[in-house]
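Please open the model in your viewer and keep the selection tool at hand. The stops below each suggest what to select next and then describe what is there.

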Amino acid sequence: MTTNYITDRHGIRRYMVTIEVNGIEYTRVIKANVLLVNFLRDELDLTGTKKGCELGDCGSCTVLLNDRPVNSCLILAIECDGMKVTSIEGLAETESLDIIQQKFVEFGAVQCGYCTAGMIMSAKALLMKNPKPTEGEVRAGISGNLCRCTGYINIIKAIMAASGQEAAI
Ligand code: FES
Ligand code: FES
C-alpha cells in the first residue's frame with residue numbers, strides 16, 4: 001500500500017498510486033477510500049467491470065489482481081499500488097476475443113450480460129491455474145459469481161469447451 005500522500009486545501013489526504021492495468025501503468029492521485037472497481041470505472045473509464053451488490057456477494061466486479069481473482073468492490077485502490085490488474089478489457093491478447101469469451105458467445109452463456117465480465121474473469125483465473133478442470137471444479141471456480149438469467153448450464157458448458165472438454169450436463 002502506498003504511503004505517498006499530499007494533503008489538499010480541505011485537509012483531505014490524497015494518495016499517489018501506480019497500478020498496472022491490462023499492461024499499461026497508470027498513476028493517479030486519489031482519496032484513500034476509492035475502491036478498485038471505482039478506480040477502474042471512474043478514473044480509467046474501464047466500465048466493463050460491473051458493480052452489482054458492492055458487498056462481495058455477487059462477483060460481477062471480479063478482476064484479476066496479480067493473476068488472482070478478487071472482488072474489486074472489496075479492495076481499496078491504494079492497496080493495489082505497484083500491483084497488476086487484469087480486467088475484462090485486457091483479457092484478449094489479440095484483436096480477436098479470448099477463447100472463454102468466444103465460447104460464451106458460442107454456447108449462449110450470456111443473457112442480460114451483467115454477470116458476464118466477472119464470470120469470465122473467474123473462469124480465466126480457474127483455467128490459468130487448472131487448464132483441464134472437472135465440471136465440479138468449474139462449478140467451484142464460479143461459485144462466487146451469481147447469474148440471475150442463465151441457470152448456469154450454458155456457462156459451465158462454455159467454460160468446459162474453453163478448456164477443450166465437453167460438459168456431461
Ligand atoms: S459488486 Fe462486488 S461482489 Fe458484487
Ligand atoms: S446473464 Fe444476466 S445475470 Fe448472468
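**A cysteine in a loop**

Begin by selecting Cys58, which is buried, with a relative accessible area of 14%; keep in mind throughout that this is a predicted model. Cys58 has its place in the loop between α1 and β4. If you display the surroundings and leave out residues up to four places away in sequence, you will find Cys58 touching Gly52, Cys53, Gly144, Asn145 and Leu146. Now add Asp42 to the selection: Cys58 and Asp42 are 16 residues apart in sequence, and their C-alpha atoms are 20 Å apart in space.

**The two domains**

Next, colour residues 5-90 as domain 1 and residues 99-162 as domain 2, the two parts into which the protein is divided. The contact between them draws on 16 residues from domain 1 and 13 residues from domain 2, while the C-alpha centres of the two domains lie 23 Å apart. The size of an interface is often given as the accessible area lost when the parts come together. Here domain 1 and domain 2 bury about 1,100 Å² between them, and 67% of that area is on carbon and sulfur atoms. Select Thr62, Leu64 and Ile88 to see the three residues that supply 40% of the area domain 1 buries against domain 2, more than any other three residues. How many salt bridges does the rule find across the interface of domain 1 and domain 2? The rule finds zero.

**A serine in helix α3**

From Thr62, move to Ser122, which is found in helix α3, residues 116-129. Ser122 is buried, with a relative accessible area of 7%. Leaving aside neighbours within four places in sequence, Ser122 is in contact with Thr62, Gly141, Ile142 and Asn145.

**Helix α1 and what it packs against**

Now select helix α1, residues 36-43, in which Leu36, Val37, Asn38, Phe39 and Leu40 are buried. To see what the buried residues of α1 pack against, show β2, β3 (24-31), β4 (62-65) and β6 (84-86). Just after α1, stop at Asp45, which takes a positive phi of about 60°.

**A nonpolar patch on the surface**

For the last stop, follow strand β2, residues 13-21, to Met16. Is Met16 buried or partly exposed? Met16 is partly exposed, because its relative accessible area is 41%, which falls between the limits of 20% for buried and 50% for exposed. Adding Ile6 and Val29 to the selection completes a nonpolar patch on the surface, in which these two residues and Met16 have about 260 Å² of accessible area together.

How values were computed. Residues are numbered from 1 along each chain as its sequence is written. Chains are lettered from A and ligands numbered from 1 in the order in which they are written. This is a predicted model: local features need pLDDT of at least 70, side-chain atom pairs count only at pLDDT 80 or more; totals for chains, interfaces and linings use all residues. Side-chain values use heavy atoms; hydrogens and water are left out. Patches are made of residues with over 30% relative accessible area and no salt bridge: like charges are joined within 9 Å, nonpolar side chains (Val, Leu, Ile, Met, Phe, Trp, Tyr) within 5 Å. Accessible areas come from the Shrake-Rupley method with a 1.4 Å probe; for residues, only the protein chains shown count as cover. A salt bridge is a side-chain nitrogen of Lys or Arg within 4 Å of a carboxyl oxygen of Asp or Glu. Helices (H or I, at least four residues) and strands (E, at least two) are DSSP runs, numbered from the N terminus. Buried means under 20% relative accessible area, exposed over 50%, partly exposed in between (1.4 Å probe, protein chains only). Contact means heavy atoms within 4.5 Å. Domain bounds come from an automatic or database domain assignment. Buried area is the accessible area (1.4 Å probe) that two parts lose on being put together, summed over both.
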